Amino acid sequence: MLVRICSRRPFQIRPNMAFRSLSSEHRTLLSRESTSIRLTELETRICSLLDDFTKALGKENQSVECCIAGGWVRDKLLGLESNDIDIALSTMMGFPFATKFAEYLRTRGISATQVTKVESRADQSKHLETAKLSLLGVDLDFVNLRSEEYAEGSRIPTRVAFGTKREDTMRRDITINALLYNIHTHSVEDHTRKGLDDLRHGIIRTPLPPKQTFLDDPLRVLRCIRFASRFGYDLVPELVEAAREREIQDALETKISRERIGDEECPDPLRAIKLIDHLALHVAIFTPPPAFGQMIFRTEPLPLHSGLAAAAVLHHFECQLSPGPDSSSMQSRVENNTPSQTSPESQKPVNLPSPSAFSERLRTPHPTLLKGFNADLTTRQRLYLASALTPFRRLKIAEKKDKFKLAVETCIRDGLKLGIQNHYIDGIPALYEASDLLHQPKLKNLRVLPLASRSVSLLLRDKRVHNKNTGSHWTSSVLFSLVQELVTLWDPVKDTFDVDSANETISLYDTFVSKLEDLRLQSSLDDRPILDGRDVSKLLSKQPGPWTGHVLDQVIKWQLGNPNGTKDQCASWLEEEVNAGRLSLDTSGKKGQSKAAGDGPPSKKAKVS
């Protein structure tokens with residue numbers, strides 16, 4: 001059965017109800033309490049110290065007004081806590097103010113960290129010098145209110161000067177981040193005249209026309225996605241139109257440092273991927289600069305929408321972890337805008353790109369596969385980013401001396417400038433390599449034991465499939481392989497999804513996992529070789545080297561084929577194999593491998609004809 005999965009109707013994303021409910025609750029509070037903010041004891045003390053210090057400056061004929069700006073104000077109004085406080089100064093630069101404030105604190109016997117200065121970088125849209133210090137365990141940033149002037153045709157300001165509160169807040173990224181909290185009057189100030197209403201109604205809007213705001217700092221496009229994702233808020237139409245303009249996307253690709261792009265993580269990954277897809281930002285965000293090599297196509301590249309399709313399938317499976325007693329299907333939760341009973345905020349349904357037929361008829365994978373989401377604390381983030389990179393699956397990057405590497409690795413390292421955090425740089429390429437190994441697993445070979453069970457065990461022990469050092473777990477690897485196979489059943493031209501074939505594929509994977517569990521093959525995946533590197537080095541009178549890993553692979557093979565074998569028996573077998581020339585220690589060519597009967601090379605796929 002083919003079902004249409006991506007509506008061509010005007011784009012709309014439903015809000016994340018956890019945060020929308022929170023903001024609805026505060027709509028009443030904002031009206032009833034005149035947008036007052038309740039400070040903690042620690043925040044009260046910090047504000048009092050700043051107020052006292054500005055009064056001391058006033059006695060020296062230095063009149064300075066302090067306001068807390070940005071996300072802290074927004075979060076406090078939403079009932080959330082924030083440990084980062086940005087202080088906007090009316091008539092003084094951040095560094096001299098922070099330096100004098102630190103001296104003032106010392107006179108009162110209060111310790112604070114040394115003041116540091118972050119220089120402005122106009123070429124990367126960072127136009128403001130910022131001072132930083134930590135007081136009572138809270139990080140404080142100090143910067144002056146500013147106004148800017150630009151030359152025609154350039155978004156690098158020719159002049160940055162002290163500005164009024166309105167001039168400063170109108171230059172900020174979005175209205176809900178442009179609110180100020182005046183520490184002297186203890187009141188919230190909305191100089192854009194839209195911030196409080198947008199916070200009440202769940203709107204993402206720029207204070208100035210969005211194109212002007214994005215050209216000022218193209219990273220703000222991603223910040224809009226981030227906050228829409230975090231709070232489940234809606235992008236206003238004019239913002240969407242501006243973000244899709246080629247001029248904005250070119251600026252995002254060329255003007256913003258890749259480190260800044262990689263820093264913009266989104267708490268609701270499916271919603272973020274939807275927005276990226278709708279705003280046509282996939283290439284601008286993920287593709288590395290041309291200087292990092294030419295992309296080689298193994299076959300026709302996958303459409304950019306395949307990243308959204310993969311994330312949607314992944315999200316659908318994730319929601320099967322705990323569907324809740326009042327919702328028999330994922331679609332009922334989507335249609336009713338009600339969250340799963342036990343899922344965290346970032347897992348709430350967000351209007352999946354599929355009708356009820358997709359969710360109701362697509363079978364739930366094996367429970368063990370669903371545990372792949374929780375293989376470790378970083379697995380979920382890694383699976384969603386890997387899904388977003390699906391369009392690059394068939395691509396490789398040409399390197400020196402006819403060497404190639406997966407394009408997804410270059411996208412992560414050089415496009416997003418992400419590293420080992422969450423095992424992105426090592427774990428995601430492994431997911432793609434594992435999905436090639438696990439493609440369409442079939443089980444006929446498992447009927448021929450023990451050889452077939454050993455072959456499958458070796459497959460699962462492959463470091464690309466199961467390796468705690470890269471965060472890879474066989475369950476998440478098999479789950480991602482399943483997702484990648486299901487994506488191929490989506491026809492982007494006809495905009496249909498072959499549900500019947502998808503269920504057959506899921507059934508195949510379920511049978512594979514069930515058989516693995518019946519044979520208890522997964523229980524030996526983390527077993528260490530019966531002979532370690534020192535053992536084989538001593539036994540063969542040879543210094544450890546590249547050959548050692550090859551030999552240990554053969555030891556594992558023997559071990560799996562001889563589950564009751566002893567260490568002495570394995571040592572005797574190894575000596576016999578080497579002496580007979582069936583196991584080569586020469587690593588200049590192919591990997592050393594045993595040629596003994598029944599000890600062929602490990603299976604590359606769990607597949608037979």
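A residue counts as exposed when its relative accessible area is over 50%, and as buried when that area is under 20%. With this yardstick in hand, a walk through the predicted model can begin. Asn61 has a relative accessibility of 74% and is therefore classed as exposed. This asparagine sits in the loop that links α2 (41-58) to β2 (66-69). Its backbone deserves a glance too: the phi angle of Asn61 is near 65°, a positive value in a residue other than glycine.

A second residue with a positive phi is Lys417, where the angle is near 55° and the residue is again not glycine. Lys417 is likewise found in a loop, here between α19 (407-415) and α20 (424-437). Its relative accessible area is 35%, so Lys417 is described as partly exposed.

Stepping back, the whole chain can be considered. It contains 26 helices and 17 strands. Of its 609 residues, 54% are buried. Sequence distance is also worth a look: among contacts between residues at least 6 apart in sequence, 72% bring together residues at least 24 apart.

Where do the buried nonpolar residues gather? In soluble globular proteins, nonpolar side chains tend to be buried together. In this model, the largest nonpolar core has 131 residues. Those with the most contacts inside this core are Phe97, Phe101, Phe142, Ile204, Phe317 and Leu389. Phe142 gives a good idea of such a neighbourhood: leaving out residues up to four places away in sequence, Phe142 touches Leu50, Ile87, Leu89, Gly94, Phe97, Ala98, Phe101, Glu129, Thr130, Ala131 and Leu133. Apart from this largest core lies another one, of 13 residues, including Leu540, Trp547, Val551 and Ala571.

Helix packing comes next. Two packed helices are described by the angle between their axes and the distance between the axes. For helix α14 (residues 306-318) and helix α22 (residues 474-487), the angle is about 130° and the axes are 9 Å apart. Because of that angle, α14 is oblique to α22. The crossing of this pair, α14 and α22, is right-handed. On the α14 side, the residues that meet α22 are Ser306, Ala309, Ala310, Val313, Leu314 and Phe317. Their partners in α22 are Leu479, Leu482, Val483, Gln484, Leu486 and Val487. Sorted by class, the contact between α14 and α22 has 10 nonpolar residues, two polar ones and no charged ones. Phe317, listed above for its contacts inside the largest core, is also one of the α14 residues in this contact.

Two further residues show what buried positions look like up close. Ala243 belongs to helix α9 (residues 237-243). Its relative accessibility is 1%, so Ala243 counts as buried. Beyond residues up to four places away in sequence, Ala243 touches Phe214, Val221, Ile248, Gln249, Leu279 and Leu281. Leu281 is 38 residues from Ala243 along the chain, yet their C-alpha atoms are separated by 8.3 Å.

Leu406, in contrast, is part of a strand, β15 (residues 404-406). At 15% relative accessibility, Leu406 is under the 20% cut-off and therefore buried as well. Once neighbours within four places in sequence are set aside, Leu406 is in contact with Leu395, Lys396, Pro429, Tyr432 and Glu433. The C-alpha atoms of Leu406 and Ala430 are 10.0 Å apart, with their positions 24 residues apart along the chain.

Conventions:
Residues are numbered from 1 along each chain as its sequence is written. This is a predicted model: local features need pLDDT of at least 70, side-chain atom pairs count only at pLDDT 80 or more; totals for chains, interfaces and linings use all residues. Side-chain values use heavy atoms; hydrogens and water are left out. A nonpolar core is a set of buried Ala, Val, Leu, Ile, Met, Phe, Trp, Tyr and Cys residues joined through side-chain atoms within 4.5 Å. Buried means under 20% relative accessible area, exposed over 50%, partly exposed in between (1.4 Å probe, protein chains only). Contact means heavy atoms within 4.5 Å. Axes are lines fitted to C-alpha atoms, for helices over the stretch in contact, and angles run from 0 to 180 degrees between N-to-C directions. Helices (H or I, at least four residues) and strands (E, at least two) are DSSP runs, numbered from the N terminus. Angles under 35 degrees count as roughly parallel, over 145 as roughly antiparallel, 65 to 115 as roughly perpendicular and the rest as oblique. A crossing is left-handed if the near helix is turned anticlockwise from the far one by less than a right angle, and right-handed if clockwise. Ala, Val, Leu, Ile, Met, Phe, Trp, Tyr, Cys and Pro count as nonpolar, Asp, Glu, Lys and Arg as charged, and the others, Gly among them, as polar.
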